[in-house]
Amino acid sequence: MILLHPSASVKKDTGINFNVFEALLTNMLEYNHKKYLNLSVTIHKSRVRGTSFCTPVSIKDYKIELDTAKANRRYIFGSLLHEIRHCIQNNLFNFWNTASLKTWKSYYFSKEEIDARKMERLTTQFIKYYDSFMKMEEQFKVLKLNKIC
């Protein structure tokens with residue numbers, strides 16, 4: 001299971017229901033990797049404007065510094081998917097590039113960045129999945145299905 005622990009400021013700035021986000025993400029990734037994931041990810045606001053990054057604390061614990069300056073929903077979802085892919089690279093594939101990349105070109109074309117950008121391609125579908133779930137949750141409340149009338 002992937003557990004996301006966003007700071008209060010990240011919750012406020014993004015407006016994302018992180019309980020739903022983590023449930024959908026866990027479901028999607030565990031189903032497609034055919035393995036159970038055990039990740040705990042703390043999410044804080046990035047102090048470097050325009051930059052999000054991930055830092056491993058241990059093999060199961062990670063810290064994401066998320067750039068929330070762009071309040072664009074697609075950018076936020078894409079950044080989260082990108083950074084969480086780095087966590088999976090370390091957790092499942094035991095791959096974490098610790099060497100500092102000297103140039104922008106070597107960073108951009110590195111194996112782990114190419115792989116993480118592939119995960120970003122799921123952003124549109126993931127947002128549709130998230131929105132659909134949120135609409136269903138609202139409909140569930142409107143129909144009062146949480147109790148017998």
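The paragraphs below follow the aromatic rings of this predicted model, and then turn to two charged side chains that lie over rings.

A pair of aromatic rings is described by the distance of the centres and the angle of the planes. When the whole structure is searched in these terms, eight aromatic pairs are found. One of them joins Phe21 and Phe77, whose ring centres are 5.4 Å apart and whose planes meet at 55 degrees, an arrangement that counts as tilted. Because Phe21 belongs to helix α2 (residues 18-33) and Phe77 to helix α3 (residues 73-93), this pair ties together parts of the chain that are 56 residues apart in sequence. Phe21 and Phe77 are both buried.

From Phe77 the reader can move on to another partner, Tyr130, with which Phe77 forms an edge-to-face pair, the centres being 5.3 Å apart and the planes at 70 degrees. Here too distant parts of the chain are linked, since Phe77 sits in helix α3 while Tyr130 sits in helix α6 (residues 123-142), 53 residues away. Tyr130, like Phe77, is buried. Phe77 therefore takes part both in the tilted pair with Phe21, which ties helix α3 to helix α2, and in the edge-to-face pair with Tyr130. These residues belong to a cluster in which ring pairs link Phe18, Phe21, Phe77, Phe126, Tyr129 and Tyr130.

Rings also lie beneath charged groups in this model. The charged end of Lys34 is placed over the ring of Tyr31, at 5.2 Å from the centre of that ring, and Arg117 lies over the face of Tyr108, 3.8 Å from the ring centre.

Definitions and conventions:
Residues are numbered from 1 along each chain as its sequence is written. This is a predicted model: local features need pLDDT of at least 70, side-chain atom pairs count only at pLDDT 80 or more; totals for chains, interfaces and linings use all residues. Side-chain values use heavy atoms; hydrogens and water are left out. Rings of Phe, Tyr and Trp (its six-membered ring) pair if their centres lie within 6.5 Å; planes under 30 degrees apart count as stacked, over 60 as edge-to-face and the rest as tilted. Helices (H or I, at least four residues) and strands (E, at least two) are DSSP runs, numbered from the N terminus. Buried means under 20% relative accessible area, exposed over 50%, partly exposed in between (1.4 Å probe, protein chains only). A charge sits over a ring if NZ of Lys or CZ of Arg is within 6 Å of the ring centre and within 35 degrees of the ring normal.
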